[in-house]
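User: Could you walk me through this structure, one question at a time? I'm new to this, so keep it relaxed.

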Amino acid sequence: MDKKRSISMAVIKRLPKYHRYLSELLRNDVDRISSKELSEKIGFTASQIRQDLNCFGDFGQQGYGYNVRELYAQISEIVGLSNEYKTVIVGAGNIGQAIANYNRFEKLGFKLEAIFDANPKLSGIKIRDIAIDDIDKLEQYIKSNTINIGIICVPAVNAQKVCDILVNNGVKGIWNFAPVDLVVPEDTVVENVHLSESLLTLTYLIHEKENEKEMEIEIE
C-alpha cells in the first residue's frame, strides 16, 4: 500500500494509455508482447514501460514478454475497473450530451444514472433512455441514490455550487469540464478536463515546431 502511495502522477497518467493499447492487442488476438514491441506501438521507451509496470508488481518474463490478457486484467484492476461506478451528468449542453451519448463509458463500468440541467426547454428530453431532469431536483436525487462520480458540464460561474451539492451529499469523485478550479475536501477526488487549456497546449507545440523549422532553415 505504501508503495502505491509513492507512485508519481506521471506514471498514473500513463496507465489509461497502456489499458487502451492492450485492449487493441486483445481485439487483434495478440497473446504476448515484449516491452520493445509495446514500445514501438505505444511511443514510450521499453525501459519506461518496464519501470512503470514495476511500480505495481512483477509483470512479464524475461525472454517471454507480457501475457497480454493477464496484463490487461491487472491494469484494469489497478485503475479500478473491477468496480461499477454510478454517475450523474450536471449540464446537458453540447459537452454533457456528448458524454451521455458515448457508450464506451458503460462498457468500462461507468453507469449513467441521471442527467440534470437548468434549461427548462431540455427537461424531459431523453438521451439514451435517460430523461433530462431539472437541476433543482439534483440535491434530492443525490441524497436518495448512491452516486460515485459527478460529471460537471455547467458554466464556470455555477460549477462550484454544483460541486458543493454533489460533495455535501456523498459524491467522492468529480469529473470537471467547467473552466474553473474547484474547491473540495481532502477525501474528494477531482479530475479537471479544461478543453481550452488542452487546445492552448496544442497551439504552443505547433508554434514550437514552426520555430524549430525556422531555426533549421537559418542554420542551412
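**T87 and its surroundings**

Analyst: Happy to. Leaving aside its neighbours within four places in sequence, T87 is in contact with F110, K111, L112, E113, A114, I147, I149 and I151. Keep in mind that this is a predicted model.

User: Is T87 buried or exposed?
Analyst: T87 has its place in strand β3. Its relative accessibility is 5%. The cut-off for burial is under 20%, so T87 counts as buried.

User: F110 is among the contacts of T87, so which kind of aromatic pair do the rings of Y85 and F110 make?
Analyst: A pair of aromatic rings is described by the distance of the centres and the angle of the planes. For Y85 and F110, the centres are 5.4 Å apart and the planes are at 20 degrees. Planes under 30 degrees apart count as stacked, so this pair is stacked.

User: How many residues apart in sequence are the parts that this pair ties together?
Analyst: Y85 belongs to strand β3, which covers residues 85-90. F110 belongs to strand β4, residues 110-117. The pair therefore ties together parts whose separation in sequence is 25 residues.

User: And what does F110 count as, at 24% relative accessibility?
Analyst: Buried would need a value under 20%, and exposed one over 50%. F110 has 24%, so it counts as partly exposed.

User: What kind of aromatic pair do W175 and F177 form?
Analyst: Their rings are 4.8 Å apart, centre to centre, with 65 degrees between the planes. Angles over 60 degrees count as edge-to-face. So W175 and F177 form a pair that is edge-to-face.

User: Which of these two is buried: W175 or F177?
Analyst: W175 has 24% relative accessibility, so it counts as partly exposed. With a relative accessible area of 13%, the buried one is F177.

User: Which residues form one aromatic cluster?
Analyst: W175 and F177 are already a pair. The cluster includes them, and its full membership is Y102, F105, W175 and F177.

User: Over which ring does the charged end of R14 sit?
Analyst: The charged end of R14 is 5.8 Å from the centre of the ring in question. That ring belongs to F44.

User: Last one: how far apart are the C-alpha atoms of S76 and H19?
Analyst: S76 is in helix α5, residues 68-78, and is buried at 12% relative accessibility. H19 is one of its contacts beyond four places in sequence. The two are 57 residues apart along the chain, and their C-alpha atoms are separated by 7.0 Å.

Technical notes. Residues numbered from 1 in each chain as written. Predicted model: local features only at pLDDT ≥ 70, side-chain atom pairs only at ≥ 80, totals over all residues. Heavy atoms only, no water. Phe/Tyr/Trp six-rings, centres within 6.5 Å; stacked < 30°, edge-to-face > 60°. Helix = DSSP H or I, 4+ residues; strand = E, 2+ residues; numbered from the N terminus. Buried < 20%, exposed > 50% of the residue type's maximum accessible area, 1.4 Å probe, protein only. Lys NZ or Arg CZ within 6 Å of the ring centre and 35° of its normal. Contact = heavy atoms within 4.5 Å.
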